[in-house]
Amino acid sequence: MHETHEVRIHGRGGQGAVLACSILAHALIDEGKHAVAIPSFGFERRGAPVAAFLRFDSAPIRAMTNVYHPDCVVCIDPTVPRTVDIFAGMKPGGTVVLTTKEKLADLKFPDFVARIGLCDAVGIALSIYRKPVTNAVMLGAFARTSGLLTLAALKEALQQMDFRDAGLSENLSAAERGYNETNVHDVHDVQKVAHAAAVA
Amino acid sequence: MSAVTEPSRLATNKPSFVVCEGNEAAAIGVGLSRPDVVAVYPITPQSSLVEHLSQMIADGRLRADLMNVEGEHAVMCGLQGVALAGGRTFTATCGPGLAFMFEPYVRTPGLRLPMVASLVTRDLLSPQCVWGGQQDAMVVRDAGWIQMYCETVQEILDTTVMAYKIAEHRDVMLPINVCHDGNYLSFGVTRVEVPDQQEVDDFLGPPNVNWHIALDPSRPMGVDPLTGGAGGAGPRNFVRYRKGQVRGMQNALRVIREVHAAWGEKFGRYHAPLVEEYRLDDADTALVTIGSMTGAAKDAVDIARDKGEAVGLIKIKTFRPFPLQAMVAALAKVKRIGVVDRSVSFGWNCGPVYQETLGALYHTGKSIPVISFIGGLAGADITVEHFARAIALTRELQWGRDPNEPVWLNEND
């Protein structure tokens, strides 16, 4: 039985959310999966909220559409959740990966979120690039939190990219630190949440 | 969009795959077809296609001349000169760019120049929008260009190469628009098989431009003569030209089938050349689709099938020339139809594909109910849920519930 995984990445124009989605597709395809990455689109403005979508599966994917019911949400910018409902449409028992300096106890999440990965991606990015470009860090955080992708596969995909704004070694170290410096919390038993949703 | 391909892979002579967006897949297909001249003017959502091509030429991966001209009108005029001089050409445009190109664009089929140009389809202005939709392509559906609409990123690459073989066939000698949907296909990133260059060279053979009118100082000839009017040989000359064009279009229906079959044999990927029938044989209800919407529509058909509903799908790949026989054969199998358009026919209060499906339906000798669905305008999404609704409404025709007007799928989104 195959299962389609749906991921939505939130960020701001210029942080590389769309490219991050492509890199994820690359990494997953190199691991033998089928994957499609689709950016949401607007006028490409630096700083405007953007989203990018990813579907992957062991079976071929036909729908070339946006993702409305993600089972994983990755937010690579700490301020976007103030203006965008990043949890909109999430499947019960889903996974959220956030860049934040806060601790879990200081954050609020909807009940249907089962797993949370927290990473100070801005801090890591500033120390590596001297700019808050968080996409590579957050790819590491996604790999760590979701367990759907190995760090090795992610680094392999990064090595195949042409980067415009940063060197490969910086991006590899960003992904590795994102992976190593993410705290993963299982906040609900996934089965219970799914059951509660089914009953409701 | 950033390049996510690996340049080194294109330099090798082994079949391989890349992970890339639809615009890059088109650029790779162009590169494999070895055009002599690429003329470009960037416009959203086509821009990354010409950026990829420019990069390939700058890197020496594609040995072609790049004409970076001042606008789309100059693009097409320049390429007409190249084609008349015996060169293989490429360009890509969409929406307002196509509108600006219109005057030389409509001359190209009459000149019988076998050009290939991507239309990265985009909705038309106004209101202002820069996003996908097939209004631009539908506006030029009777400009005399062949139109093939791609469903997948892989199909973009494959069709781009095949287009040269079709356009340059001596029974066709007409320009081709390879259409792929702006946004969902142009920027959708997935795995794409890249055929081996030598194999593509073998498949295409040497360029076969229109040698009859090719400019040749040793064989002076008037090209594009003034003809027509109401006197002398004008009327019959003009009819001769027009009939030749129409005959080339009809010949293309056969050549498109032959070239798709040859592509399948050589590369193992069989794309439906004219019309694809999906789960249609025992269906009583069918959707008609065109372009990248089809993937989600097939998913919706599968869901309906799982519920025991006899639903199938008819996808149009070649819209110009219109594949009348293939459409008649498909339409004859079902009792009710929902046609999903990504554009509008202002004259008929429906979608253009709906209108043409009605035309084909006449030739089946039966009258069955058909609904016009219009969705995906200006970048709007047509999801599996939208198609599920279209299927449900089309099935209701069996109980006599006919909306008798177009259903706008994104009206309440």
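## The sheet of chain B

In chain B, strand 10 (residues 285-290) and strand 11 (residues 311-316) run parallel and are joined by six bridges. Within this pairing, the residue of strand 11 of chain B that stands opposite Thr285(B) is Val311(B). The model is a predicted one, and the description that follows should be taken in that sense.

Strands 10 and 11 of chain B belong to an open sheet of six strands, whose order is 9-11-10-13-14-15 and whose pairing is mixed. At its edges lie strand 9 (275-278) and strand 15 (407-408) of chain B, each of which pairs on one side only.

## Helices lying across the sheet

Helix 10 (residues 294-306) of chain B lies across strand 9, strand 10, strand 11 and strand 13 (336-341) of chain B, and its direction makes an angle of about 165° with strand 11 of chain B. Because angles over 145 degrees count as roughly antiparallel, helix 10 of chain B can be described as roughly antiparallel to strand 11 of chain B.

Helix 11 (residues 324-331) of chain B lies across strand 9, strand 11 and strand 13 of chain B, and runs at about 15° to strand 9 of chain B, the edge strand that pairs on one side only.

## A pair of packed helices in chain B

Elsewhere in chain B, helix 4 (residues 72-84) and helix 5 (residues 95-110) have axes that come within 7 Å and cross at roughly 25°; the two helices of chain B are therefore roughly parallel to each other. Their crossing is right-handed.

On the side of helix 4 of chain B, the contact is made by Glu72(B), His73(B), Val75(B), Met76(B), Cys77(B) and Gln80(B), while helix 5 of chain B contributes Gly97(B), Phe100(B), Met101(B), Glu103(B), Pro104(B), Tyr105(B) and Thr108(B). By class, this contact between helix 4 and helix 5 of chain B has seven nonpolar, four polar and two charged residues.

## Where chain A meets chain B

Between the two chains, 21 residues of chain A are in contact with 23 residues of chain B. Helix 1 (17-30) and strand 2 (34-39) of chain A each supply at least two residues of the side that touches chain B, and that side of chain A has 13 nonpolar, five polar and three charged residues.

## Confidence in chain A

The mean pLDDT of chain A is 91, and 91% of its residues score at least 70. Among the elements of chain A, strand 4 (residues 72-75) has the highest mean pLDDT, 98, whereas helix 6 (residues 190-199) has the lowest, 54. Where pLDDT is low, the predicted coordinates should not be read in detail.

How values were computed
Residues are numbered from 1 along each chain as its sequence is written. Chains are lettered from A and ligands numbered from 1 in the order in which they are written. This is a predicted model: local features need pLDDT of at least 70, side-chain atom pairs count only at pLDDT 80 or more; totals for chains, interfaces and linings use all residues. pLDDT is the predictor's confidence in each residue, from 0 to 100. Helices (H or I, at least four residues) and strands (E, at least two) are DSSP runs, numbered from the N terminus. Two residues are in contact if their C-beta atoms, placed from the backbone, lie within 7 Å. Ala, Val, Leu, Ile, Met, Phe, Trp, Tyr, Cys and Pro count as nonpolar, Asp, Glu, Lys and Arg as charged, and the others, Gly among them, as polar. Axes are lines fitted to C-alpha atoms, for helices over the stretch in contact, and angles run from 0 to 180 degrees between N-to-C directions. Angles under 35 degrees count as roughly parallel, over 145 as roughly antiparallel, 65 to 115 as roughly perpendicular and the rest as oblique. A crossing is left-handed if the near helix is turned anticlockwise from the far one by less than a right angle, and right-handed if clockwise. Two strands pair if DSSP finds at least two bridges between them.
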